[in-house]
Amino acid sequence: ATGLANVRTLALPQLAELLATPLASAGDRRPLTATWGAALVRAGLVEARPPLSQVPATAAVEEALTLTFARLREATDAELRALEKRSARAAAVIDRFRDHRERLEGHLDRHDLLVLAATAVRDGRAEVNELGPVILHLPRRLGRSDLALLEALAARTEVVAVLGVTGDPDGDRPLRRLVEQLEPVLGPALA
């Protein structure tokens, strides 16, 4: 058989931004840029309490906090409170995370876009039919909001995940976690 295929390649956050457009454009919040996000992390470091206040505000510290804040974005209030109690350092990081969330008011971060996209897909406001099948290619880590979007998409269109297996039990440990996360959404894994 011959023919043409039109393939569009997007990372999951880009797909979320595309799908969230109907809801995001209705509000007055703007998508957060990496530059503005980094500036807000840097501004928040000025008011950090010990022991975080004793760490020099370098680009590496800003990057580490940016990644940490992105992961903490998926946490519930109860999970944040539990983390906060673990150590003075954890409490200082959670304090800066909460400050960062306040500074982000008026902006949509990656988590917000994923949540809006899942809502738009579930409510039928996103044009899912134009997408065709969605192929999740070699994901490394999926948060709750990623999974919520994939679940919403799977209810409306075909979603397939391609996972890379190394054959090494230690190397494949993160893969097993991904399979555990994806099977309830996409069905049993095929070998």
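# Exercises on cavities, pockets and a β-α-β unit

The largest cavity holds about 40 Å³ of space. The model is a predicted one, in which local features need pLDDT of at least 70 and side-chain atom pairs count only at pLDDT 80 or more, while totals for chains, interfaces and linings use all residues. Residues are numbered from 1 along each chain as its sequence is written, and side-chain values use heavy atoms, with hydrogens and water left out.

**Exercise 1. Describe the lining of the largest cavity by residue, by element and by class.**

Solution. Begin with the terms: on a 1 Å grid over the protein atoms alone, a cavity is a set of points where a 1.4 Å probe fits but cannot get out, whereas a pocket is an open set with protein on both sides within 12 Å along at least five of seven lines, and lining residues have an atom within 4 Å of a point. Grid points are joined across faces, edges and corners, and a volume is the space filled by probe spheres set on the points. By this rule the count is one cavity of 30 Å³ or more.

Next, list the lining of the largest cavity, which consists of L40, V41, G44, L45, L65, F69, R96, D99, H100 and R103. The elements that contribute two or more residues to this lining are α2 (34–45), α3 (59–72) and α5 (88–103); helices (H or I, at least four residues) and strands (E, at least two) are DSSP runs, numbered from the N terminus.

Finally, sort the lining by class, with Ala, Val, Leu, Ile, Met, Phe, Trp, Tyr, Cys and Pro as nonpolar, Asp, Glu, Lys and Arg as charged, and the others, Gly among them, as polar. The lining of the largest cavity then has five nonpolar, two polar and three charged residues.

**Exercise 2. Work out which elements and residues line the second largest pocket.**

Solution. The second largest pocket has a volume of about 340 Å³, and 14 residues line it, of which A161, L163, P188, A189 and L190 lie nearest its centre. At least two lining residues come from each of β4 (159–162) and α8 (173–186), and the largest share, four residues, is that of α8. By class, this lining divides into 12 nonpolar residues, one polar and one charged.

**Exercise 3. Trace the unit formed by β3, α7 and β4, and state its handedness.**

Solution. Start with the strands: β3 and β4 run parallel and are joined by four bridges, two strands being paired if DSSP finds at least two bridges between them. Within this pair, L136 stands opposite A161 in β4. Strand β3 (residues 134–137) has V134 and L136 on a covered face, and I135 and H137 on an uncovered one.

Then add the helix: β3, α7 (residues 144–154) and β4 make a right-handed β-α-β unit, where right-handed means that, with the strands pointing away from the viewer, the path from the first strand over the helix to the second runs clockwise.

Last, examine the packing of α7, whose buried residues (buried being under 20% relative accessible area, exposed over 50%, and partly exposed in between, with a 1.4 Å probe and protein chains only) are S145, D146, L147, L149, L150, A152 and L153. These residues pack against α1 (12–24), α6 (110–123), β3, β4 and α8, with a contact taken as heavy atoms within 4.5 Å.

**Exercise 4. Locate T9, L138 and P51, and give a local property of each.**

Solution. T9 is found in the segment before α1, and it counts as exposed because its relative accessibility is 70%. The C-alpha atoms of T9 and H137 are separated by 9.8 Å, although these residues are 128 residues apart along the chain.

L138 sits in the loop between β3 and α7, and it counts as partly exposed because its relative accessibility is 43%. Phi of L138 is near 50°, a positive value in a residue other than glycine.

P51 lies in the loop between α2 and α3, and the peptide bond from P50 to P51 is cis, with omega near 0°. For background, most residues other than glycine have a negative phi, and most peptide bonds are trans.
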